[in-house]
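Grab a pencil and work through the exercises below. Try each task yourself before you read its solution.

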Amino acid sequence: MNRRIFMITTAMAALGVGGAFLLKPSSSVTNFVVTPANAQDAAEVDTSAISDLVIGSADAPIEMIEYASYTCPHCANFHKSVFEPLKKDYIDTGKVRFTYREVYFDKFGLWASMVARCGGEMRYFGVQKILYDEQKDWIAGGKDTMEIVENLRKIGKRAGLTDEDLDACLNDGEMAEKLFAKFTKEMAEYDIDSTPSLVIDGVKHSNMSYADLKEILDAKLSEVGAPAGAEKPEE
């Protein structure tokens, strides 16, 4: 184990981010609960400095929030089959303002988020795409922690980050604590109990196909007299 990886794993261990992480798994991999002690601790952490991850026009008629985990296979499938056409048809055309909220099932999902955030807001969604497109590759079975760390570092470097950038981000124990606290507060806001979950204009929805999502969005656009998805609004 080299010194760089030792520092990273030591920093995570100091937060209690071990193999079981800070979540108590339930019967399904896509469901989880936070222990009361962790939720109470998170409420005391100041997360105001951590920015939301948002794309889309501030004037979009629909607000959508996705709750997802980088280690959730259903989330990877959602981003390939649903998010990509959603972005093309609704986000890029000014109809949906989209917020992505990270969920942490385990230490690897947290580390992935820290690497994605390391490049700043301009690079975040580009790194996110790689993390989901190559999820099986970088997780590599989920048994070798050192291999996963190195795989995440390689993704960061592909996004233009240096070893020094990644060292600073992955060893930032205070940031890890704040990210976990932010996630805990946000999932409580809408009683999120599975991933991916969508909140559309304040209403929670479970994972769905693009066809079903499109039906919901087009109905909302019709209510405000806006054109359906894939049509750009008039200048």
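**Rings, strands and a loop**

In this predicted model, ring pairs tie Y70, Y100, Y124, F125 and Y132 together into a cluster.

**Exercise 1.** Work out what kind of aromatic pair Y104 and F183 form.

*Solution.* Start with the total: the structure holds 8 aromatic pairs. For Y104 and F183, the centres are 5.4 Å apart and the planes meet at 65 degrees. Planes over 60 degrees apart count as edge-to-face, so that's the label. Next, place the two rings: Y104 sits in the loop between β5 and α4, while F183 belongs to helix α9. They're 79 residues apart, so the pair links distant parts of the chain. Lastly, both Y104 and F183 are buried.

**Exercise 2.** Find which strands pair with β4, and in which sense.

*Solution.* Take β5 to begin with: β4 and β5 pair in the parallel sense, with 7 bridges. Here Y67 stands opposite R101. Now try β6: it runs antiparallel to β4, and 4 bridges join them. In that pairing, M64 has I200 as its bridge partner. Then add helix α3 (residues 73-91): with β4 and β5 it makes a right-handed β-α-β unit. As for cover, 6 of the 7 residues in β4 are buried.

**Exercise 3.** Is G160 buried, partly exposed or exposed?

*Solution.* First, locate G160: it's in the loop between α7 and α8. Its relative accessibility is 43%, so G160 counts as partly exposed. To finish, look at R123: its C-alpha atom is 9.1 Å from that of G160, with their positions 37 residues apart along the chain.

Note on methods: Residues numbered from 1 in each chain as written. Predicted model: local features only at pLDDT ≥ 70, side-chain atom pairs only at ≥ 80, totals over all residues. Heavy atoms only, no water. Buried < 20%, exposed > 50% of the residue type's maximum accessible area, 1.4 Å probe, protein only. Helix = DSSP H or I, 4+ residues; strand = E, 2+ residues; numbered from the N terminus. Pairing = 2+ DSSP bridges. Right-handed = clockwise from strand over helix to strand, strands pointing away. Phe/Tyr/Trp six-rings, centres within 6.5 Å; stacked < 30°, edge-to-face > 60°.
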